[in-house]
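Please look through the sequence and the model together before reading on. The report below starts from one residue and then widens to its surroundings.

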Amino acid sequence: MYKLLIAPTCFLAASAVFAADKPIINAPSYDFAQVSLVQTEFADLDMFTPKGFEFKASKVLGMNVFGEATYFMADDKTQGVNMDVDRWKVAVGYIHHFSNRTVLDGKVGYGEIDIKINDSDNAVSAGTEYFTGEANIRHMITSNVEVYGGLEWQKWDEGSDQKAYKLGTQYRWDSIAVGGEYTKFSDSEVFAAFVRYTLSLIHI
């Protein structure tokens, strides 16, 4: 379902390029609150397709430094077996402005993931804490349309370390934006369709 939502969002963002006739006045903002509909898939657990929500908040702390917090929860049930996925992460980062169109950010963080699988008789769980490093580039195609991409590395205390890349786009009306994002980890992937409220706009 969420895969279908992402495609029209990307098309809307791309089509807006040809309709733009105003100069770029706002750089990508790091002051926002966001809620996403998410769907995740695991290579080793392909019988499950957990769906749920992700909540994210970001705030500029000053001197181009920002903080970010994310909470992710999704679940699925198939053939009488339940799967629950919970993940949280906090990070701090630095913003570098190449121009009023393009910014690069780097951040380091700490998080935890928990996966639980159970039926009426048995239950198993696995989880780990991890450190993460991430770099993202964000570009305003027009005053309303943003595209972005990023790379992430996660150092897990237990299990295999994870590498990831993500691609996304959003279309903004004043302080409200809608968008889609795809993230591919080493052994899983996440599709997201989100609504974002920008707390302030950065003028350069």
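## A residue with many contacts

In this predicted model, Ile 115 touches Phe 42, Met 83, Asp 84, Val 85, Val 124, Ser 125 and Ala 126, when residues up to four places away in sequence are not counted. Ile 115 also belongs to the largest nonpolar core, which has 17 residues, and together with Phe 72, Met 83 and Val 85 it touches the most other members of that core. The elements that give two or more residues to this core are E2, strand E4 (65-78), strand E5 (81-97), strand E6 (102-118) and strand E11 (188-198).

As general background, nonpolar side chains tend to be buried together in soluble globular proteins.

## The barrel

How many strands close into the barrel, and in what order? There are 10 strands, which follow the order E2-E3-E4-E5-E6-E7-E8-E9-E10-E11 with antiparallel pairing. Neighbouring strands of this sheet are turned by 20° against each other on average, with direction ignored.

Strand E2, which covers residues 32-42, pairs in the antiparallel sense with strand E3, residues 51-62, over eight bridges. Within this pairing, Phe 32 stands opposite Ser 58 in E3, while Gln 39 has Lys 51 of E3 as its bridge partner. E2 is also joined to E11 by 11 bridges, and these two strands likewise run antiparallel; here Val 38 has Ala 192 of E11 as its bridge partner. In general, the strands of a sheet pair through backbone hydrogen bonds, in either a parallel or an antiparallel way.

## A buried lysine

Lys 56 lies in strand E3. Although Lys 56 is buried, it has no salt bridge, and the nearest side chain of opposite charge, that of Glu 68, is 4.5 Å away. A salt bridge would need a side-chain nitrogen within 4 Å of a carboxyl oxygen. Leaving aside neighbours within four places in sequence, Lys 56 is in contact with Phe 32, Ala 33, Gln 34, Glu 68, Ala 69 and Thr 70.

## A partly exposed asparagine

Is Asn 82, which is placed in strand E5, buried or partly exposed? Asn 82 counts as partly exposed because its relative accessibility is 23%, whereas buried would mean under 20%.

Apart from neighbours within four places in sequence, Asn 82 is in contact with Phe 48, Asp 76, Lys 77, Lys 116, Ile 117 and Asn 118. One of these partners, Lys 116, is 34 residues apart from Asn 82 along the chain, yet the C-alpha atoms of the two are separated by 7.9 Å.

How values were computed:
Residues numbered from 1 in each chain as written. Predicted model: local features only at pLDDT ≥ 70, side-chain atom pairs only at ≥ 80, totals over all residues. Heavy atoms only, no water. Pairing = 2+ DSSP bridges. Helix = DSSP H or I, 4+ residues; strand = E, 2+ residues; numbered from the N terminus. Axes fitted to C-alpha atoms, helices over the stretch in contact; angles between N-to-C directions. Core = buried A, V, L, I, M, F, W, Y, C linked by side-chain atoms within 4.5 Å. Buried < 20%, exposed > 50% of the residue type's maximum accessible area, 1.4 Å probe, protein only. Contact = heavy atoms within 4.5 Å. Lys, Arg positive; Asp, Glu negative; His and termini not counted.
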